[in-house]
Amino acid sequence: MWQLLQTPCTQLLRQRHLLVKSNGYFINIVKNKPGFTTKHLFTSAQKSTEKANTFLIFSPWKLCTGISLGLGARLLYNNTAFCKANLTRTIQRRPNLHDDSAKFDWKRFFEYLLPHKWLLAAAVASALAVAFLNVYIPAMLGVIVNILASMKHNPSTDFIDEIKMPALKMISLYIGQAIFTFFYIHLLAQVGERVAAQMKQDLFVSILKQDMAFFDRERTGELVNRITVDVQDFKSSFKQTISGGLRAITQVVGSAVSLLVISPHLTGLTLICIPSVVIGGTFIGSLLRKLSREAQAQIEKTTLVAEEAISNMRTVRAFAGEAEEARAFANECETAAELSMELGLGVGMFQAGTNLFLNGMVLATMFLGGHLMSTGQMSAGDVMAFLVNAQTVQRSVAQLSLLFGSVVKGLSAGGRVFEYINKEPQMDTSGKKVIKYHEFHGDIEFKDVAFAYPTRPEAVVLKNFNLKIPAGKTVAIVGTSGNGKSTIAALLERFYDVNEGSVTIDGVDVREMDCKWLRGRALGLISQEPVLFATTVKENIRYGKPDATDDEFRFSAIYCVLDNLIYYSALDSASEKVVQSALEGVSRGRTVLVIAHRLSTIMNADIIVVLNKGNIVEMGTHEQLKKQKGFYWNLIKQQDQDPEGTRTL
Ligand SMILES: Nc1ncnc2c1ncn2[C@@H]1O[C@H](COP(=O)(O)OP(=O)(O)OP(=O)(O)O)[C@@H](O)[C@H]1O
């Protein structure tokens, strides 16, 4: 049997010396040489622990800094015992992160819109009004140009009299356009922001209620991206579709009618050109959108690398991995920059080509319009109105083709957001049982439990596991790393459901209990690595009981959340004092389950349970187990060699 439990293989290969634990008791040093693979290391380790059939390899820093459970769970999962040396970190992403397979939930979307229907209706009406005005303004401009042109031929007519009415109309059209523009942008921003804020909140609540297995599978960075980037993309696309889309369609239809009325001949010319613009634009636009998606995905990848390095800073520092992380980040950054530059090049060429084409159209229209004027078929005002209308059509069509990409992006971003908003946790949390305070004793029983983590169903952690923790007693579970101590606590907290058997408190299966009561009131958890939220110390201490009185708060600051009836602790120096206090009397009358890394803290426990590979191998008091001279005895011997107690198990 081989076990490599503490460190991912590739990281082991970077250490000069490795500490080897055989059956949890002896520590030897193996020298790492250039060119060694993990197989070489294992052979050396086996030679140095002749009789052992199980051993653990630690990188030396581990023994100094303690054990990082999070690191183990995440990285060990991706590294098998005999992986080859490979120092380049590849960023693994969920395969469906950027596929657009997540279905857009229209029903849910309309439910979000419903509370804002009047605001939305007003925004849509304003956008349409702007579009109508945009179609009407060129006609009015034509009238004014005609009056100006007529001045040359009839200088005797009163200019002010002639121009007054059209000018006033024109001014009111411009003012109307400005007012409606203000309204639709303002109202749409209100609807968009409110919908987005609600979606964000619902998404966050839905993520919070997911099973622990979900968090084992998903990466924090990707979840954060859904809450931030995807909601943002969806909101932008929604606003763009309503404002740009509606306006563009109305303008195309309205302006096309105006064009036909002004001059069917000139409209014919425009109609010949527009399809080529649309087809060319759509083709190039789709290429650019693809490039844009790739660039966006690459930027997210860059964020993931940074996020992982920063959140695992201790590991990075302990392995002197700063340079490698910087290199990995630089690689991703450079790829992102290259893609973005390519995109910039494409957009630049597209824009330049479009401008050239549109200006060519203006010249052609003026040329043909001039010809029609010379034959008396058109006036100068008509040519002017035609030009402005034609430009409105071209701009609107270009906007529609861009909008198409934005709609696709918005739908897929929205689909991903709705996928998680609608996601229901697998674990059945409908249990409502609560044990009344005066009936609560704290008898815990694990009965015939079998369990494997949902992300690693093939690796069975506990099998036929039976353990009784009597009420009011302190039970300490000891064992080397990876033997299932934390798993026992996780099952008691019902972070996961057992595959077989049951976990009961006072005879009630934890699956039937009200989860909020079980975790919030019945069980107290002091975790291996204390976590602080970005708030005051007081708020952090209050986290376990927000309604704690000031007296309780002061007391809790020393003894942790007093109201809870069962303590669990995976010990490190921060929580050691708390558990010592618990053992010395604060816990009197309460059941205490101690998951121990340091023997000094649990010697006074009523029952000590020694765990090996998920099985109970010894059980009894400190004195009894010492006499047996078995596993526990060896642990003590090991500790004797380490009087300062810095060594973890
Ligand atoms: N979230 C997880 N997903 C998959 N496997 C896990 C997870 N957490 C732990 N494991 C695996 O389950 C086994 C038991 O781990 P567990 O954390 O219970 O051991 P432990 O005795 O508490 O170790 P430590 O003292 O290091 O905390 C190990 O093989 C570990 O790799």
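# Exercises on helix packing and local geometry

Helix 9 and helix 13 cross in a left-handed manner. A crossing is left-handed if the near helix is turned anticlockwise from the far one by less than a right angle, and right-handed if clockwise. Helices (H or I, at least four residues) and strands (E, at least two) are DSSP runs, numbered from the N terminus. The model is a predicted one: local features need pLDDT of at least 70, side-chain atom pairs count only at pLDDT 80 or more, and totals for chains, interfaces and linings use all residues. Residue numbers start from 1 along each chain as its sequence is written.

**Exercise 1. Describe how helix 9 packs against helix 13.**

Step 1: take the geometry. Helix 13 spans residues 380–421, and its axis lies 5 Å from that of helix 9, at an angle of about 155°. Axes are lines fitted to C-alpha atoms, for helices over the stretch in contact; angles run from 0 to 180 degrees between N-to-C directions.

Step 2: name the orientation. At that angle, helix 9 is roughly antiparallel to helix 13. The cut-offs are under 35 degrees for roughly parallel, over 145 for roughly antiparallel and 65 to 115 for roughly perpendicular, with the rest oblique.

Step 3: sort the contact by class. Between helix 9 and helix 13 there are 19 nonpolar, 15 polar and 6 charged residues. Here Ala, Val, Leu, Ile, Met, Phe, Trp, Tyr, Cys and Pro are nonpolar, Asp, Glu, Lys and Arg are charged, and the others, Gly among them, are polar.

**Exercise 2. Analyse the packing of helix 6 with helix 9.**

Step 1: locate the pair. Helix 6 covers residues 117–153 and helix 9 covers residues 220–262; their axes are 9 Å apart, at an angle of about 30°. Helix 6 is therefore roughly parallel to helix 9.

Step 2: give the hand. The crossing of helix 6 and helix 9 is right-handed.

Step 3: list residues. Helix 6 contributes A123, V124, A127, L128 and F132, among others, and helix 9 contributes residues including I242, L246, R247, T250 and S258. Two residues are in contact if their C-beta atoms, placed from the backbone, lie within 7 Å.

Step 4: sort them. The contact of helix 6 with helix 9 holds 12 nonpolar, 7 polar and 1 charged residues.

**Exercise 3. Analyse the packing of helix 6 with helix 7.**

Step 1: take the geometry. Helix 7 (residues 159–208) crosses helix 6 at roughly 160°, and the axes come within 8 Å. Helix 6 and helix 7 are therefore roughly antiparallel.

Step 2: give the hand and the classes. The crossing of helix 6 and helix 7 is left-handed. In the contact of helix 6 with helix 7, 27 residues are nonpolar, 5 polar and 2 charged.

**Exercise 4. Set the UniProt "transmembrane region" spans against the model.**

Step 1: read the record. An unreviewed UniProt entry lists residues 118–151, 171–189 and 268–288. UniProt positions follow the numbering used here, feature names are shortened, and annotations may be inferred rather than shown by experiment.

Step 2: check two of the spans. Residues 118–151 are 100% helix and 0% strand, with end C-alpha atoms 49 Å apart. Residues 171–189 are also 100% helix and 0% strand, and their end C-alpha atoms lie 27 Å apart.

**Exercise 5. Place A398 and T354 in the fold.**

Step 1: start with A398. A398 lies in helix 13. A398 has 19 C-beta neighbours inside 10 Å, so it is partly exposed. The cut-offs are 20 or more other C-beta atoms within 10 Å for buried, 12 or fewer for exposed and in between for partly exposed; C-beta atoms are placed from the backbone.

Step 2: find its partners. Beyond its neighbours within four places in sequence, A398 contacts G281 and T354. A398 and G281 are 117 residues apart in sequence, yet 7.3 Å apart C-alpha to C-alpha.

Step 3: turn to T354. T354 sits in helix 12 (residues 322–374). T354 is partly exposed because it has 16 C-beta neighbours inside 10 Å. T354 and G280 are 74 residues apart in sequence and 9.8 Å apart in space, C-alpha to C-alpha.

**Exercise 6. Examine the positive phi angles of D448 and N464.**

Step 1: D448 is not a glycine, yet has a positive phi of about 45°. D448 belongs to strand 4 (residues 444–452). With 13 C-beta neighbours inside 10 Å, D448 is partly exposed.

Step 2: N464, not a glycine either, has a positive phi of about 45°. N464 lies in strand 5 (residues 460–469). N464 is exposed, since 12 other C-beta atoms lie within 10 Å.
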